[in-house]
Amino acid sequence: MEKNLTSGSVLKNIVFFSLPYLLSYFLQTLYGMADLFIVGQFNGVDSITAVSVGSQVMHMLTVMIVGLAMGSTVVIGKAVGAQKKDQAAEAIGNTIVLFMAVAAVLTLGLMLFVDPIVRVMSTPEEAVSGTVAYLKICFMGIPFITAYNIISSVFRGMGDSKSPMYFIAVACGVNIVLDYVFIGGFHLGPAGAALGTVLSQTVSVIVSMAVIRKRKTGIRIRRDNFLPKGNVMRQILKVGIPVALQDGFIQIAFIVITVIVNQRGLNDAAAVGIVEKLIGIVFLVPSSMLSAVSALSAQNIGAGKPERAVKTLKYAVCITVGFGFVVSVLTQFISVQAVGFFTEDAEVAILGGQYLRSYIWDCMLAGVHFCFSGYFCALGMAGISFLHNSVSIVCVRIPGAWLASRLFPDTLYPMGLASPAGSLLSGIICIAAFLYLQKNRKGRESGA
């Protein structure tokens with residue numbers, strides 16, 4: 001299960017590590033898309049909107065948990081790269097304790113605030129009851145969502161990105177079957193979609209625990225590794241908290257944009273909800289590169305090979321920019337058809353096509369700052385990622401979307417430009433920070 005990523009071809013390591021990661025993200029995205037697609041086959045626009053709004057809230061929580069888990073991946077990766085098995089074991093034990101506490105607090109807290117959350121989202125009245133039902137069930141499943149991400153962060157920190165892919169593949173298959181049973185068979189609508197998601201995640205965790213018991217990890221976990229240790233917790237949280245806050249702010253920005261769109265009416269809300277799912281697919285490559293850069297760079301930095309970490313970053317940027325450009329150009333010709341796959345409502349498809357044609361350019365531009373964020377996390381400087389995302393959200397994404405909504409009430413195209421504009425600003429900040437850090441590093445190495 002443990003794999004050394006500090007030797008051999010850098011490009012080969014990126015490809016072989018990121019492909020399972022990419023497939024994992026694809027399968028995880030298929031979760032939400034399956035819910036939306038199957039609900040759209042058996043229910044109306046109100047149910048589609050309920051699932052899209054509810055899943056956006058859950059996506060925000062999930063990415064924040066994944067962001068926090070990035071701290072564990074980096075700490076474990078550095079320990080593995082430095083061949084310090086005892087430190088890796090301590091990091092794994094403390095990760096489990098930390099995340100179980102987080103899961104308990106989130107579950108209890110969110111169950112008390114379901115109705116206020118739905119109101120804050122400006123959910124259209126027709127979709128309120130479905131959104132409430134969806135969120136209540138999903139909030140009860142937070143411990144299982146958290147458990148999966150703990151397991152994934154541990155495996156990836158040790159250089160194994162394949163095992164999490166297998167676990168999520170099991171969950172995805174179960175989810176699709178249960179969606180048809182609960183939504184199509186029992187006609188439970190949004191509640192059925194939530195039940196399918198939670199139960200399939202539970203199955204995934206059970207399967208992953210069974211696999212772990214049978215495998216040799218190369219790292220022995222003792223009982224005392226589960227005792228909270230201040231220095232280990234600080235290392236995890238030093239990376240995890242800024243990344244979690246950064247991801248949380250990004251999702252809050254998306255939610256604010258959703259609120260703005262929801263105020264325009266049910267069709268606009270449904271169109272944007274569908275586009276967010278489609279964007280989730282094309283963002284799989286930038287997201288997988290972020291995770292690959294952070295894991296590979298962490299091991300190489302731990303092994304005292306910073307030049308390999310920089311080379312990893314450069315290859316990843318080239319891959320994401322190239323992919324993003326090709327996808328963005330192709331989307332200009334098939335946007336309405338892509339949205340129409342999820343709905344039979346012609347107006348929703350046209351509105352969604354407008355939004356998708358402009359939003360899609362964010363895939364190329366966001367790929368740049370995603371890769372840099374992974375590199376900064378590996379350095380233990382996740383605060384830089386938090387900074388550039390915060391500036392982007394406050395100065396461009398939210399005000400840009402609000403202004404476009406007011407100035408162009410008959411089309412969603414200008415609103416879609418707010419996200420790529422924000423990513424452009426983030427990319428500029430990241431490149432400036434990287435050049436500054438490289439200049440300082442070379443100065444130290446030369447004795448200046």
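Four cavities of 30 Å³ or more are present in the structure, which is a predicted model. The second largest cavity encloses about 100 Å³ of space. Its lining is formed by Tyr 21, Tyr 25, Val 66, Ala 69, Met 70, Thr 73, Asn 149, Ser 152, Ser 153, Arg 156 and Ser 291. Two or more of these residues are given by each of helix 1 (10–42), helix 2 and helix 6 (142–157). In character, the lining of the second largest cavity comprises five nonpolar, five polar and one charged residue.

Helix 2 also takes part in the second largest pocket, where helix 2 (45–81), helix 3 (85–111) and helix 9 (230–262) are the elements that give two or more residues to the lining. The volume of this pocket is about 270 Å³. Its lining consists of 14 residues, and those nearest the centre of the pocket are Val 74, Val 75, Lys 78, Asn 231 and Gln 235. Helix 9 provides the largest share of the lining, with five residues. The lining of the second largest pocket divides into seven nonpolar, four polar and three charged residues.

Residues named in the linings recur where helix 2 packs against helix 14. Met 70, a lining residue of the second largest cavity, and Val 74 and Lys 78, which lie among the residues nearest the centre of the second largest pocket, meet Cys 377, Ala 378 and Leu 379 of helix 14. By class, the residues of this contact are five nonpolar, no polar and one charged. The axes of helix 2 and helix 14 (residues 362–379) come within 9 Å and cross at roughly 60°. Helix 2 is therefore oblique to helix 14. The crossing of helix 2 and helix 14 is right-handed.

Two further helix pairs were examined. In general, a pair of packed helices is described by the angle between the axes and by the distance between them. For helix 10 (residues 266–282) and helix 13 (residues 346–359), the packing angle is about 45° and the axes are 8 Å apart. This angle makes helix 10 oblique to helix 13. Helix 10 and helix 13 cross in a right-handed sense. On the side of helix 10, the contact involves Asn 267, Asp 268, Ala 270, Ala 271, Val 272, Ile 274, Val 275, Glu 276, Leu 278 and Ile 279. These residues meet Glu 347, Val 348, Leu 351, Gly 352, Tyr 355, Leu 356 and Tyr 359 in helix 13. The contact of helix 10 with helix 13 contains 12 nonpolar, two polar and three charged residues.

Helix 5 (residues 128–140) and helix 8 (residues 190–214) form the other pair, with axes that come within 8 Å and cross at roughly 15°. Because angles under 35 degrees count as roughly parallel, helix 5 is roughly parallel to helix 8. The crossing of helix 5 and helix 8 is right-handed. Helix 5 contributes Gly 130, Ala 133, Tyr 134, Ile 137 and Cys 138 to the contact, while Pro 190, Ala 191, Ala 193, Ala 194, Leu 195 and Val 198 are contributed by helix 8. The residues of this contact comprise 10 nonpolar, one polar and no charged.

Notes
Residues numbered from 1 in each chain as written. Predicted model: local features only at pLDDT ≥ 70, side-chain atom pairs only at ≥ 80, totals over all residues. Heavy atoms only, no water. Axes fitted to C-alpha atoms, helices over the stretch in contact; angles between N-to-C directions. Helix = DSSP H or I, 4+ residues; strand = E, 2+ residues; numbered from the N terminus. Parallel < 35°, antiparallel > 145°, perpendicular 65-115°, else oblique. Left-handed = near helix turned anticlockwise from the far one by under 90°. Contact = heavy atoms within 4.5 Å. Nonpolar A, V, L, I, M, F, W, Y, C, P; charged D, E, K, R; others polar. 1 Å grid on protein atoms, 1.4 Å probe; cavity = no way out; pocket = protein on both sides within 12 Å on 5 of 7 lines; lining within 4 Å. Points joined across faces, edges and corners; volume = space filled by probe spheres on them.
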